[in-house]
Amino acid sequence: MTQVQTPKVVKKKLFSPIWLLPIIALALGAWLGVKSIRESGVEVRIHFPNATGMDIGKTLVKYQGLTVGKVADISIDDQLQGVNVDVLMDYRSSPFINKGTKFWLVTPKASITGIEGLDTLFSGNYISILPGEGESRSFFEAEITAPVITPGNEGLIVNITSDKLGSLDVGSPLFYRQIPVGQVVGYRLDNSQKIIVTAFIQQQYASLVKVDSQFWNVSGISINASLSGIEVRSESLASILAGGISFSSSDHSDAAQNQHEFSLYDSEEQAFGGIELMLTATGAESVSEHTAIMFRGIKIGHVTNKILTDDGVSLLAKIDSQYSELLAGSSSFWLEGADISLDGIKHPERLLTGSVINFTPGTGEPLQQYPLLTDQPQPLNTQKLALTLHSDTNPGISAGAELRFKQIKIGTVLSSQLNAALTEVEYDIEVDADFSSLVTKGSYFIAESALSIEADLEGVAVKTRDLSTFSLGALSLVRSNNNQQIVNGASLNVFANSSDAKNYFKNKQRINKQLTSKDGADVVKGSPIYYKKMQIGQVEQIEWQRTENNFIIDISIQKSFASLLTDKTVFWRNSALSINASLNGIEVEVAPLQAAIKGGITLGLLDSAMIDSGKHLYDSKFLALSQSTTIALTFPATVKLEKKAPIRYLGHKVGEVHSVVLSKDLSELNVEAYLYGDYAASFNQQDASFSIVDVKVSLAGIEAPETILTGPYISVFPGVSAQTSSEFTGLIEKPFHNINNALTFVISNDNLGSINKGTAIFFRGIKVGQVDEYRLIADGTGVEMTVHVDNQYRHLINNTSVFWDLSGVKVDVGLFSGAQIETGSLETILAGGIGLATKDITSSDNMINNDYRFSLSSTVDPLWLEWAPKQAAQ
Amino acid sequence: MKSNPNDSTLGKEIGLTCCPTCNKVTCAESACCSRCDTKLIIRDYGSLQKSWALLITAAILLIPANLYPITTLTNQGQVTQDTIFSGIAHLVKTDMIPIAIILFTASILVPLLKIIGLTIYLTAISFKLPISKKNLMMGFHIIEWIGRWSMLDLFVISLTVAVVNMGQLLDAKPAPAATAFALVILLTQLAAKVIDTRLLWDRLETKNDSSTNT
């Protein structure tokens, strides 16, 4: 069954709600359209001289960094004089586009004073707009440069008038205490006479500009060069290059208003001005603008202008403000130029710089006008101190000569004459009252030399004085420590120079002493005498004594060192450079330079009282301190010996060679030597032996190798004789000295073979002795060697001992026995050697005495080697 | 009602309809699908209206989409705004013609043709224009298929915006036209989606197909 249902009648909607969608879209589109038409902006045309850096659609118009428009089109103007830039401005900016509105192109600009428009490097150039007043318009002429003030950059604008622009330029900084506070924003000519520089000062510094502020140019470098020196001044580097203006500010004045007028000074000095005054004169020949006004040699002002008046010339002058208090009612001004006279030239620099106006201060209220005098006003006369001076000779002082103290004139010499007794020169002098207190008791005067050249080892000093010293001479005061004032008419000393004066005082404090020397000792008059390297005196005189053939040296020693002159005092000459070199090291002693060149004498003290008179001048410190005695040696001419060669006893230095002279007949060497005081007595026996030790290189080794470096030396061995002598004959070979009670005997052989001096004697391979000497037997039948065996081994030897030659290598070749090679130690192969064997035990019966003779066997009997007597050590 | 079902017989004529959700063939009288309870509608005549409304909206929005800039590019402080067409012109200027063709097709040609195509389609249904239903249907399918490719432009913009972001140096931002353009694409897609294509058969089948088919 079909269920009948009531049909649901749905009224068909004519329009679906979906139709709202197009309506909305339409409304939205319409609104957007209307909006875009409304906001399409205002089109303005700006005329630029060129369109550098501008692009259609890209270059923006900005106001305070906010984009307010965009370049829509660029076209060349009708006259081809520039470009018309059509700019589409934001519709919101239309109220600001008026007659006074300014447009200008902002480009990056790097200059000395800074970099502007840095942002344009990225965003490109843009047009900046400064809204202005007036009726609305749509065509503008672009500004060439940015207008001075842009809102938000508020500050103070001042106008500074100047005669010339100098190196100022737009952008030149304004400094206040060297802080940049603003800059020059423009300049223009005002009625062809003045330049008006417009400067902008930032708001935070605007209050520094007062109505009485002074502006001055700090452009570039200010160089003030005169004969007295060069002064270079500059502000910041930027101002050197770009110019700049500095200004002052006072605390109390009112702040300057906008557009206030100031004038620009050339320099700070001018800006600060000073006191203006007028000097009247009949003529102004040597005065010019900038002529300096001097006070005690310091410039305190200058002439600024010269004006011709009815009765002469008026000079406008300016005294620098810091010296303004010097000006008083009784101040006087006078013209002073270079003064050329026989005295010399005073102020020769003024020949170049022109005259100056001199000034003296005074008392009373300053005036507006002063007369310009032609001469220095005479100072008031005062009481002078009259004195008499004495001198041995006249060191070139004549009447009129100046008296000086520290090169300041303190008085004059009135007259010079011989005294009544004709023994001295007398001077009458006058000391100015101001300086009379300088002259005290004990003071003296030294004649000044116009030109003094002092050359000594300390250096060369050249002193010159002014010309008046040349012509008249001058006296310099040397004050004494005495403070007692001198009375009028007192007399003082005059010395020709300061060293004379010193000597005069020194000579009162000396001790003299005489020394004898064999030679001139390299000293001259004035050579210093040292004690512990301090100068305590000097050589006064050197005399040769014919009778003694020696020299007498007079020395003087300062009194304060008198205690050094005792019976222990010795003197020796200073050597400039003493090098004590040995294999143990080098000791170098350098005398003071003065002593090295002038020569010198040193004083020393011995530990004990000296042996001789204490008058002898020793050659060296060592000799002096050791109180050496002299000996004379004679050597064959073949000997090589040098000065300073040591004399040794068993290696100890007991003396040294002083001089080596080859005799006239060239046959021998005369050697003068010292034996040191302590040892002299041990080696003065008549038979003391002196022998040369030189290096000897042999297969047995090197003897005295140190002489390779040091050179040969003399070996000494004391004698036994009771007779003493100081003259010896030297030996070439060092004789054997039986120091240790060695056993000596003689070995004879028909041939020396390789036996040599020093060839060792071996007992069972141990060296027990050596060959000391060898000689040919007088009849020529063989050789004999003197041999010694050390004391400790003497018991090994008796008359049963046999000796054989160990030297070399023995090769024994037989047909059946084979080859037999016999050698000793390596040393014996090289240097030879003597073998020793003893058959019997040593006893008192078979003991040998000195000079016992053995004969040397050339071969060894094998039997001998089996001998082994048990020897009892002694 | 005719009772000779042949290949051109409509379901509606024999009292049958199809569930729009599960495609179950149901008796036309029943209000709901016996399987999925979806409300059964034999023909949605309102869809034609909806489609028209959406299409007109899209057509309106096509104007701002093309007039307004679609991207704002900041290159070293210089701001440039590009409309779709200026972008393509720029590509042509820089000798990237293949890309320009793709962009032109996707961004200008396709939306425009789609709107025109849909307009023809809807007009044909609404005013019973004598156009072959097969041709219409083929065109409709093409429109439906190609429509999605119009999003290419927006896809590129969204990618660029995400990737290019270097402040003052280089920055890309979508501009107002992007929204409008997106809406055009969306609305045309919807317009094609909402229309009940069966209406086409009702209106046109009887008239012309017989002639075209025969």
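How many helices and strands are there in chain A? Select chain A and colour it by secondary structure: you will find twelve helices and 63 strands. Please keep in mind throughout that this is a predicted model. Its scores are ipTM 0.75 and pTM 0.38.

**Stop 1: chain A as a whole**

Stay with chain A for a moment. The chain has 874 residues, and buried ones make up 26% of them. Now think about which parts of the chain meet each other. Counting contacts in chain A between residues at least 6 apart in sequence, 69% join residues at least 24 apart.

**Stop 2: the barrel**

Next, select residues 274–281 of chain A, which form strand β19. This strand belongs to a closed barrel of seven strands, and you can trace it in the order β19-β22-β21-β20-β26-β23-β27. The pairing around the barrel is mixed, and from one strand to the next the twist averages 35°.

Strands β19(A) and β27(A) give a good look at how the barrel is joined. Add residues 369–373 of chain A, strand β27, to your selection: β19 and β27 of chain A pair in the parallel sense, over three bridges. Zoom in on Thr280(A), whose bridge partner in β27(A) is Pro371(A). Then look for Leu279(A), which stands opposite Tyr370(A) in β27(A).

Which way does β22(A) run against β19(A), parallel or antiparallel? Select residues 312–320 of chain A to see strand β22: the two strands run antiparallel and are joined by eight bridges. Here Glu276(A) is placed opposite Lys318(A) in β22(A). As background, strands of a sheet pair through backbone hydrogen bonds, either parallel or antiparallel.

**Stop 3: a strand with two parallel partners**

Move along chain A to residues 491–495, which are strand β36. Strand β28, residues 385–391 of chain A, pairs with β36(A) in the parallel sense over three bridges. Within this pairing, Leu389(A) has Leu492(A) as its bridge partner in β36(A). Now add residues 444–448 of chain A, strand β32, which also pairs with β36(A) in the parallel sense over three bridges. Ile446(A) is the residue to pick there, standing opposite Phe495(A) in β36(A).

**Stop 4: two single residues**

Select Gln257(A), in the loop between β17 (245–247) and β18 (260–265) of chain A. Is Gln257(A) buried or exposed? Gln257(A) is exposed, because 12 other C-beta atoms lie within 10 Å. Ala206(A) is 51 residues away along the chain, yet the C-alpha atoms of Gln257(A) and Ala206(A) are separated by 9.1 Å.

For a second example, go to Ser748(A) in strand β55, residues 743–749 of chain A. Ser748(A) has 16 other C-beta atoms within 10 Å, so this residue is partly exposed. Leaving aside neighbours within four places in sequence, the contacts of Ser748(A) are Gly782(A), Val783(A), Glu784(A), Arg853(A), Ser855(A) and Leu856(A). Try the distance tool on Ser748(A) and Leu776(A) too: they are 28 residues apart in sequence and 9.5 Å apart in space, C-alpha to C-alpha.

**Stop 5: where the chains meet**

Now show both chains together. In the model, 14 residues of chain B are in contact with 13 residues of chain A. Which element of chain B gives the most to this side? Select residues 46–67 of chain B: this is helix α1, and it contributes eleven residues. The side of chain B that touches chain A is made up of seven nonpolar residues, six polar and one charged.

**Stop 6: a helix pair in chain B**

Select helix α3 (residues 97–127) and helix α4 (residues 133–147) of chain B. Their axes come within 10 Å and cross at roughly 145°, and the crossing is left-handed. On the α3(B) side, show Val110(B), Lys114(B), Gly117(B), Leu118(B), Tyr121(B) and Ala124(B). They meet Leu136(B), Gly139(B), Phe140(B), Ile143(B), Ile146(B) and Gly147(B) in α4(B). Eight of the residues in this contact are nonpolar, three polar and one charged.

**Last stop: confidence in chain B**

Finally, colour chain B by pLDDT. Its mean is 80, and 89% of its residues reach 70 or more. Confidence in chain B is highest in helix α2 (residues 84–93), at a mean of 88, and lowest in helix α7 (residues 198–213), at 57. Over residues 1–5 of chain B the pLDDT is below 50, and this stretch has three contacts beyond near neighbours in sequence. Residues 207–214 of chain B are also below 50, with eight such contacts in the model.

Key. Residues numbered from 1 in each chain as written. Chains lettered and ligands numbered in written order. Predicted model: local features only at pLDDT ≥ 70, side-chain atom pairs only at ≥ 80, totals over all residues. Contact = placed C-beta atoms within 7 Å. Helix = DSSP H or I, 4+ residues; strand = E, 2+ residues; numbered from the N terminus. Nonpolar A, V, L, I, M, F, W, Y, C, P; charged D, E, K, R; others polar. Axes fitted to C-alpha atoms, helices over the stretch in contact; angles between N-to-C directions. Left-handed = near helix turned anticlockwise from the far one by under 90°. Pairing = 2+ DSSP bridges. Buried ≥ 20, exposed ≤ 12 C-beta atoms within 10 Å, placed from the backbone. pLDDT = per-residue confidence, 0-100.
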